[in-house]
Amino acid sequence: MSDRSIVKTGMTLGMIAAVCTSLVAATYQLTKDRIAANEKALLEQSLQPALTGIFYDSGVSESRLVLQPPHGLPGNDPAIIYRVFAEGEPAAALFVVTARDGFAGPIRIVLGVEASGSVTGVRILQHRETPGLGDKIVSARSDWVYQFDGRSMGDPQLLGWALKGDGGEFDQLTGASITPRAVIKAIRDTLVYFDANRDAIFQAAATEAEE
Amino acid sequence: MTSGGFLQQLQTGLWKDNPGLVQLLGLCPLLAVTTTLVNGFGLGIATLLVLAMSNALVSATRRWIKPEIRIPIYVLIIASLVTCIELIFKAWFPMLDRSLGIFIPLIVTNCAIVARAEVFASRNTIGVSIADGIGMGAGFAMLLMAIGAFREFVGQASILSRLDLITGGEPFNGFSFADSGLLLAILPPGAFFSLALAVVLKNYMDQRRRNSRGAFASRGLRRPHQ
Ligand SMILES: Cc1cc2nc3c(=O)[nH]c(=O)nc-3n(C[C@H](O)[C@H](O)[C@H](O)COP(=O)(O)O)c2cc1C
């Protein structure tokens with residue numbers, strides 16, 4: 001190629017890059033508010049099922065407390081706690097924690113605990129368990145996670161927080177016991193943590209959102 | 001490849017040169033996301049849109065694109081379009097976007113798209129190029145949906161599960177026929193088996209048609225046009 005044609009070719013490339021970039025920029029401008037709103041809605045929507053049966057003030061996602069490991073909660077990635085208030089008084093806490101010992105990697109769980117210590121709901125946020133076996137822990141796939149509603153540390157006692165087959169009180173999943181075992185253990189450890197740290201949790205200042 | 005009419009080009013992509021069944025391109029997403037009909041539909045539509053638009057853009061700019069820089073330009077165009085589609089999915093189908101996850105951005109690496117830019121759009125007018133993109137995209141999408149439906153049916157004994165990812169609303173578990181299906185179908189090997197079955201089925205149908213064409217040569221509808 002001659003010098004002139006190199007310059008010309010470079011300009012073509014530049015032009016097309018500019019057109020493509022504007023296309024992306026325009027789409028971004030067009031969608032960014034919707035995406036931000038979706039993300040907030042999705043977050044609140046994924047937390048809300050773990051708070052069944054209690055009344056609470058709005059703005060749950062703003063009361064976020066992020067704990068860096070080691071934090072004493074299940075998992076060795078940051079744990080998140082949302083404090084839930086009703087008319088300013090502590091009503092419940094939402095824990096987002098990780099069960100490390102699933103069948104196929106970490107299982108991210110949200111667990112709601114009423115101030116009195118009983119569970120208001122458990123939901124699976126993320127997992128890679130096998131469809132048809134381990135994925136029955138997801139509320140859309142089976143009723144398995146509902147059995148924890150209303151239970152607390154003491155109902156049953158610590159040792160009862162296990163699968164029936166392991167001498168505990170909770171139902172198995174057919175053909176899969178590794179997954180539910182991991183979930184139950186994470187719930188149990190979170191309840192123990194809540195009982196020990198209840199006041200500190202509600203008094204701590206919210207963690208600033210990192211942008 | 002010649003540029004027959006618009007309809008002819010659609011048909012080529014849908015059946016004769018189906019990117020998944022005949023060219024065996026873009027198999028990574030094909031195998032990965034086809035665990036349900038809804039997932040297959042989502043990725044299929046996204047791929048179709050990218051393919052139609054990238055063919056249109058490549059064809060529109062083909063006069064200025066020198067052979068030396070064509071590949072970087074294709075990559076630029078395709079990557080920008082995929083980013084736009086991803087943003088649009090995040091804005092209007094957030095749940096579907098979450099379900100497909102990394103496979104939306106990964107459409108960039110679907111070689112069926114570069115292949116159509118290189119083989120077809122860079123040598124044809126915009127109209128036929130769009131038809132080619134739609135045909136190939138629809139061919140790919142139909143295959144994703146067929147394999148998704150098949151794997152869901154056999155593996156989960158349900159159909160249309162998680163339709164709510166598209167329509168919104170309450171989680172919908174689809175129409176169930178039994179408690180559980182043949183797990184193998186949903187696991188990765190099931191994807192290979194299903195694809196193999198689909199290829200066999202297509203070849204079988206083509207062969208039957210070829211054999212019967214001898215008898216009904218006058219119909220001439222499906223005659224190759226080379
Ligand atoms: C392909 C495959 C996938 C499996 N996926 C899971 C899973 O996601 N969760 C699980 O707990 N067990 C899974 N299992 C089964 C475990 O290996 C183990 O056998 C089972 O958890 C033991 O359950 P049981 O004590 O009820 O027999 C899987 C097994 C195979 C062969």
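**Salt bridges and a sheet in a predicted model**

Mentor: Let's start with a pair of side chains: Asp77(A) and Arg108(A) form a salt bridge, at 3.6 Å from N to O. Keep in mind that this is a predicted model.

Trainee: What makes the contact between Asp77(A) and Arg108(A) a salt bridge?

Mentor: The N to O distance is 3.6 Å, and the cut-off asks for an Arg or Lys side-chain nitrogen within 4 Å of an Asp or Glu carboxyl oxygen. The pair therefore qualifies as a salt bridge.

Trainee: Where in the chain do Asp77(A) and Arg108(A) lie?

Mentor: Asp77(A) sits in the loop between β1 and β2 of chain A, while Arg108(A) belongs to strand β4 of chain A. They are 31 residues apart, so the bridge links distant parts of the chain.

Trainee: Why is Arg108(A) called buried or exposed?

Mentor: Its relative accessibility is 16%, and buried means under 20%, so Arg108(A) counts as buried. Asp77(A), with a relative accessible area of 25%, falls between the 20% and 50% limits, so Asp77(A) is partly exposed.

Trainee: How do you know that Asp166(A) and Arg181(A) meet in a salt bridge?

Mentor: Their N to O distance is 2.8 Å, and the limit is 4 Å, so the pair meets the criterion. Asp166(A) is in the loop between β5 and α2 of chain A and Arg181(A) is in helix α2 of chain A, so the bridge ties together parts 15 residues apart in sequence.

Trainee: And why are Asp166(A) and Arg181(A) called partly exposed?

Mentor: Asp166(A) has 41% relative accessibility and Arg181(A) has 40%. Partly exposed covers the range between 20% and 50%, so the term applies to Asp166(A) and to Arg181(A).

Trainee: How many salt bridges does the whole structure hold?

Mentor: The search over all chains finds 15.

Trainee: Let's turn to the sheet. What makes β3 and β4 of chain A paired strands?

Mentor: Eight bridges join β3 (residues 89-99) to β4 (residues 107-114) of chain A. Pairing requires at least two, so these strands pair, and they run antiparallel. Val96(A), for example, stands opposite Val110(A) in β4(A).

Trainee: Why are β1 and β5 of chain A called edge strands?

Mentor: The open sheet has the order β1-β2-β3-β4-β5 in chain A. Its edge strands are β1 (64-67) and β5 (119-126), each of which pairs on one side only. From one strand to the next, the twist averages 20°.

Notes:
Residues numbered from 1 in each chain as written. Chains lettered and ligands numbered in written order. Predicted model: local features only at pLDDT ≥ 70, side-chain atom pairs only at ≥ 80, totals over all residues. Heavy atoms only, no water. Helix = DSSP H or I, 4+ residues; strand = E, 2+ residues; numbered from the N terminus. Axes fitted to C-alpha atoms, helices over the stretch in contact; angles between N-to-C directions. Buried < 20%, exposed > 50% of the residue type's maximum accessible area, 1.4 Å probe, protein only.
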